[in-house]
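Morning, everyone. Please have the sequence and the model open in front of you. I'll walk through it piece by piece.

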Amino acid sequence: MEKEDALNALAALGQETRLDVFRLLVKAGKEGMTAGAISDALDVRPNTLSTHLGALSRSGLVHAERDGRSICYRASLEAMQGLVTYLLQDCCGGNPELCAPIASLVAGGGGEPGGKC
């Protein structure tokens, strides 16, 4: 990941609603969620949500795919992995045991999604 890409992703996540949307889509997993389901889950007006989804899509953190008459949104875990890797690239000063808590946190994820596509 290049610095410009990292800055764009961090800027996209640096707003409360967009961060909430991204976290919700991570929980939804591969099935993703429709804009209506996201709007209902987060109590965000559809036109406002559209703006936030656009910013997340432009940053590469969210992908949209047409599913019949609906559009299904999914978090790009690859983009997030690239961002985290970029941020931690020089982490721990050659002492990988210092990063063990981060690795164990990632390995223990979970959660139940709502409003699947």
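Let's begin inside. The buried residues of α4 pack against α1 (3-13), α2, α3, β2 and β3. Keep in mind that this is a predicted model.

Which residues of α4 are buried? They are L49, H52, L53, G54, A55, L56 and S59. Now look at the helix itself. α4 covers residues 46-59, so to speak of its length, count 14 residues. From its first C-alpha to its last it reaches 20 Å. That is close to the 20 Å expected at 1.5 Å a residue. Then comes G60, just after α4. G60 takes a positive phi of about 90°.

Next, one of those partners, α2. At what angle do α2 and α4 pack? The angle is about 70°, and the axes are 10 Å apart. Angles of 65 to 115 degrees count as roughly perpendicular, so α2 is roughly perpendicular to α4. Who makes the contact? On the α2 side, it is T17, R18, V21 and F22. On the α4 side, it is L49, H52, L53, A55 and L56.

Now the sheet. It is open and has three strands. What is the strand order? It runs β1-β3-β2, with antiparallel pairing. The edge strands are β1, at 33-34, and β2, at 62-67. Each of these edge strands pairs on one side only. Helix α2, residues 16-28, packs on this sheet. It touches β1, β2 and β3. The direction of α2 makes about 90° with that of β3.

Zoom in on one strand pair. β2 and β3, residues 70-75, pair in the antiparallel sense. How many bridges join them? Six. To find your place, start at V62, which stands opposite A75 in β3.

Last stop, a single residue: S39. Find S39 in helix α3, residues 35-42. Is S39 buried or exposed? Its relative accessible area is 9%. Buried means under 20%, so S39 is buried. What sits around S39? Leaving out residues up to four places away in sequence, S39 touches V44, R45, P46 and L49. Look closely at V44. Its backbone oxygen lies 2.4 Å from a polar atom of the S39 side chain. And L49 brings us back to α4, where L49 is one of the buried residues.

That's my tour. Questions, please.

Conventions:
Residues are numbered from 1 along each chain as its sequence is written. This is a predicted model: local features need pLDDT of at least 70, side-chain atom pairs count only at pLDDT 80 or more; totals for chains, interfaces and linings use all residues. Side-chain values use heavy atoms; hydrogens and water are left out. Two strands pair if DSSP finds at least two bridges between them. Helices (H or I, at least four residues) and strands (E, at least two) are DSSP runs, numbered from the N terminus. Contact means heavy atoms within 4.5 Å. Axes are lines fitted to C-alpha atoms, for helices over the stretch in contact, and angles run from 0 to 180 degrees between N-to-C directions. Buried means under 20% relative accessible area, exposed over 50%, partly exposed in between (1.4 Å probe, protein chains only). A polar contact is a pair of N or O atoms within 3.5 Å; within protein, one must be able to donate a hydrogen and the other to accept it, and residues adjacent in sequence count only if both atoms are side-chain atoms. The expected span of a helix is 1.5 Å times one less than its number of residues. Angles under 35 degrees count as roughly parallel, over 145 as roughly antiparallel, 65 to 115 as roughly perpendicular and the rest as oblique.
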